[in-house]
Amino acid sequence: MFAAYAARIDADDPLSALELGELPEPEVRPGWSVVTVKAATLNHHDLWSLRGVGLPAERLPMILGCDAAGVDEDGNEVVIHSVIGQSGHGVGPDEPRSILTERYQGTFAQRVAVPTWNLLPKPAGLSFAEAACLPTAWLTAYRMLFTKAGVKPGDTVLVQGAGGGVSTALVVLAKAAGLRVWVTGRDEAKLARAVGLGADAAFASGARLPERVDAVMETVGAATWSHSVKSLKPGGAIVISGATSGANPTATELNRIFFLELRVIGSTMGTKEELAGLLALCANTGVRPVIDSVLPLAEARDGFARLAKGDVFGKIVLTP
C-alpha cells in the first residue's frame, strides 16, 4: 500500500528522512481493527519523529501520522484515538502509553491497524477531513482548556502564537465556551485570521497587554515563556502542551511564579473520553476545525515543508 514514512532519522534535515512509496499492509492481530483511511492530518509530532524524537532507528521504517478518520472492516465511519496502551486494550496492561508512530505504524497510508478500543463513531455532521483534525491538535486544546486550565465563562485566556493547529483550536473552543480570547503572533495576516475566528483581540508577540489574564495557553516555549508568566494574574495558570521554539527559556521567572502563586501545568494529548466529548461538542454546536488545505497523500512532502516553515493556518489534511 502507498504510505508516507520515516525511512531514516535526520535531526538537522528532517524532510530528507521522509519517503513516499509502497509498504506492507497493516498486521492483523487479535483485538485490533484495520481502518481504511479517508483523511489524515499533519502535526509537529510528525516532524519530531523524522528528527528521531520518540522514534529510535530500530523501529524504521515507520509510517507517520497520528490522526485519521476512515471506515472500519464492518463499514462503520470512525475516528481514531491515537494514544495506544492508555487502557491496555489490544496491547496488554503493562505496555507504556505511546502515540501512533512511536511504537506502531501511523495513519499516512491507505490503511492503518489500531486497537478496536481506540475507535469512536464519526458524527454524521462532520466530514472525514474535519473529523481527522480532532484527535491530536484539537484534543490537546480541549484538554488544555476544559480539563487543565480551570477557567470559566467570562475569564480571559491568552493564546500564544496564532496560526498553528493547536492555537487555532484553542481560539475556536475558548470562544465557544464563553471565554474572552486574546492571541499573540508575529504575522499580521495570521493575527487577523485569528480575530476572524473569534479572538477578541490580537497583539504582537511580547506586547504589553491591557490587563493580566486568567490563563495562558503555551505551545511556543522558550520564545514566549517570559511573556506568558508576566501576563498572568496572581493565581493564574499557564498550561503547556508544547515548546516549538525550544524547551529552555533564558529566564525561568521563578520569583514571579512563587510570589504570585502561579500554576504551571503540563498537558499532553487527551483521553478517549475527552475525544468523545470533543466530537459531541462539534456535532452539537456547529463548531468545526480550521482546515488550512487538503492535499493528496502523494503530495505529503509539500505539506511537511509548509509545516516546517510555519506557513500554515489550521490543519493540513492528507487524503490517500
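A residue counts as buried when its relative accessible area is under 20%, as exposed when that area is over 50%, and as partly exposed in between (1.4 Å probe, protein chains only). Strands (E, at least two residues) and helices (H or I, at least four) are DSSP runs, numbered from the N terminus. The structure is a predicted model, in which local features need pLDDT of at least 70 and side-chain atom pairs count only at pLDDT 80 or more, while totals for chains, interfaces and linings use all residues. Residues are numbered from 1 along each chain as its sequence is written, and side-chain values use heavy atoms, with hydrogens and water left out.

The account may begin with strand β1. Four of the five residues of β1 are buried, and the strand is thus described as mostly covered. Strands of a sheet pair through backbone hydrogen bonds, either parallel or antiparallel. Two strands are taken to pair if DSSP finds at least two bridges between them. β1 pairs with β2 in the antiparallel sense over five bridges, and two bridges join β1 to β4, again in an antiparallel arrangement. Tyr5 has a partner in each neighbour: it stands opposite Glu19 in β2, and its bridge partner in β4 is Ile63. The outcome is an open sheet of three strands in the order β2-β1-β4, with antiparallel pairing. β2 and β4 stand at the edges with a single partner strand each, so one side of each has no neighbour in the sheet.

Glu19 leads from this sheet to the salt bridges. Side chains of opposite charge can pair when their charged atoms come close. A salt bridge is defined here as a side-chain nitrogen of Lys or Arg within 4 Å of a carboxyl oxygen of Asp or Glu. By this rule the count comes to 12 salt bridges. In one of them Glu19 is joined to Arg8, with the closest N and O atoms 2.8 Å apart. This pair links distant parts of the chain, 11 residues apart, since Glu19 belongs to strand β2 (residues 18–22) and Arg8 to the loop between β1 (2–6) and β2. Glu19 counts as partly exposed at 27% relative accessibility, and Arg8 counts as partly exposed at 37%.

Another salt bridge connects Glu274 with Arg143, and its closest N and O atoms are 2.9 Å apart. Here helix α8 (residues 272–285), which holds Glu274, is linked to helix α3, which holds Arg143, across 131 residues. Both Glu274 and Arg143 are buried. The side chains of Glu211 and Arg180 also meet in a salt bridge (2.9 Å, N to O). Glu211 lies in the loop between β13 (201–204) and β14 (213–218) and Arg180 in strand β12, so this pair ties together parts that are 31 residues apart in sequence. Glu211 is partly exposed, with a relative accessible area of 39%, and Arg180 counts as partly exposed at 30% relative accessibility. Elsewhere, Asp292, Arg306 and Asp311 are joined into one network by salt bridges that share partners.

The pockets complete the picture. On a 1 Å grid over the protein atoms alone, a pocket is an open set of points, where a 1.4 Å probe fits, with protein on both sides within 12 Å along at least five of seven lines; lining residues have an atom within 4 Å of a point. Grid points are joined across faces, edges and corners, and a volume is the space filled by probe spheres set on the points. The largest pocket holds about 1,500 Å³ of space. Its lining comprises 48 residues, and His44, Thr219, Val220, Ala243 and Thr244 lie nearest its centre. Among the elements that each supply at least two lining residues are α3 (134–148) and β12 (180–185), while α1 gives the most, with four. By class, this lining has 16 nonpolar, 25 polar and seven charged residues; Ala, Val, Leu, Ile, Met, Phe, Trp, Tyr, Cys and Pro count as nonpolar, Asp, Glu, Lys and Arg as charged, and the others, Gly among them, as polar.

About 290 Å³ of space lies in the second largest pocket. It is lined by 18 residues, with Glu25, Pro26, Glu27, Arg29 and Gln105 the closest to its centre.
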